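Work through the exercises below with the sequence and the 3D view at hand. Try each task before you read its solution.

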Amino acid sequence: MDTWTTDELDRIGRAEELQIASRRADGSLRPFVTIWVVRAGDDLYVRSAYGPGNPWFRRAQASGTGRIRAGGVERDVVFAEPPAEAHAAVDAAYHAKYDRYGPKVVGTVVGPKVVATTLRLEPVTG
């Protein structure tokens, strides 16, 4: 595994949306899905707005690897479980970045009900 550069963290963290694709068993990429992404410290996180049953989330969790692209950055990633102490910072990052969409929309990606749908994006060398 590699680490994010400051430039990658800045560019992806500032991007309004991120495209995410998980890998199939044969190593090929599934189609990209557009979702929100946040930066909390030196980590990047995504959450499933429609719960753990959301198809992109189930596939990402099952495969454990995929590819993301946002802010002009494209990288292979590992979909990792975040540490428990990260969730408050992830909530705060979602509020800071997306609150302008209103509580009904942002409420789908913050709070205790979405903790189980949080994935930390860890870069890998290709």
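The exercises that follow deal with a predicted model.

**Exercise 1. The sheet**

Task: Find the order of the seven strands in the open sheet, and name its edge strands.

Solution:
- Step 1. Trace the sheet from one side to the other. The order reads β2-β1-β5-β6-β7-β4-β3.
- Step 2. Check the directions. The pairing is antiparallel.
- Step 3. Look for strands that pair on one side only. These are β2 (33-35) and β3 (38-40), the edge strands.
- Step 4. Add the turn. On average, neighbouring strands of this sheet are turned by 40 degrees against each other, direction ignored.

**Exercise 2. One strand pair**

Task: Work out how many bridges join β1 to β2, and which residue of β2 is the bridge partner of Ile20.

Solution:
- Step 1. Locate β1 at residues 18-22.
- Step 2. Count its bridges to β2. There are three, and the two strands run antiparallel.
- Step 3. Pick out Ile20. Its bridge partner in β2 is Val33.

**Exercise 3. A salt bridge between helix and strand**

Task: Explain what the salt bridge between Arg39 and Asp10 ties together.

Solution:
- Step 1. Start from the principle. Side chains of opposite charge can pair when their charged atoms come close.
- Step 2. Apply the distance cut-off, which is within 4 Å. The closest N and O atoms of Arg39 and Asp10 are 2.5 Å apart.
- Step 3. Place both residues. Arg39 lies in strand β3 and Asp10 in helix α1 (residues 6-14), so the salt bridge ties together parts that are 29 residues apart in sequence.
- Step 4. Check accessibility. Arg39 is partly exposed at 29%, and Asp10 is partly exposed at 28%.

**Exercise 4. Buried or partly exposed?**

Task: Decide whether Arg120, Glu122 and Glu74 are buried or partly exposed.

Solution:
- Step 1. Recall the cut-off. Buried means under 20% relative accessible area.
- Step 2. Test Arg120. Its relative accessible area is 18%, so Arg120 is buried.
- Step 3. Test Glu122. Its value is 14%, so Glu122 is buried.
- Step 4. Link the two. Arg120 and Glu122 form a salt bridge, with the closest N and O atoms 2.4 Å apart.
- Step 5. Test Glu74. At 42%, Glu74 is partly exposed.

**Exercise 5. A network**

Task: Which residues are linked with Glu74 in a network of salt bridges?

Solution:
- Step 1. Begin with one pair. Glu74 forms a salt bridge with Arg67, and their closest N and O atoms are 3.3 Å apart.
- Step 2. Extend the network. Arg23 and Asp76 are linked in it along with Arg67 and Glu74.
- Step 3. Set this against the total. The whole structure holds ten salt bridges.

Definitions and conventions. Residues numbered from 1 in each chain as written. Predicted model: local features only at pLDDT ≥ 70, side-chain atom pairs only at ≥ 80, totals over all residues. Heavy atoms only, no water. Pairing = 2+ DSSP bridges. Helix = DSSP H or I, 4+ residues; strand = E, 2+ residues; numbered from the N terminus. Axes fitted to C-alpha atoms, helices over the stretch in contact; angles between N-to-C directions. Salt bridge = Lys/Arg side-chain N within 4 Å of Asp/Glu carboxyl O. Buried < 20%, exposed > 50% of the residue type's maximum accessible area, 1.4 Å probe, protein only.
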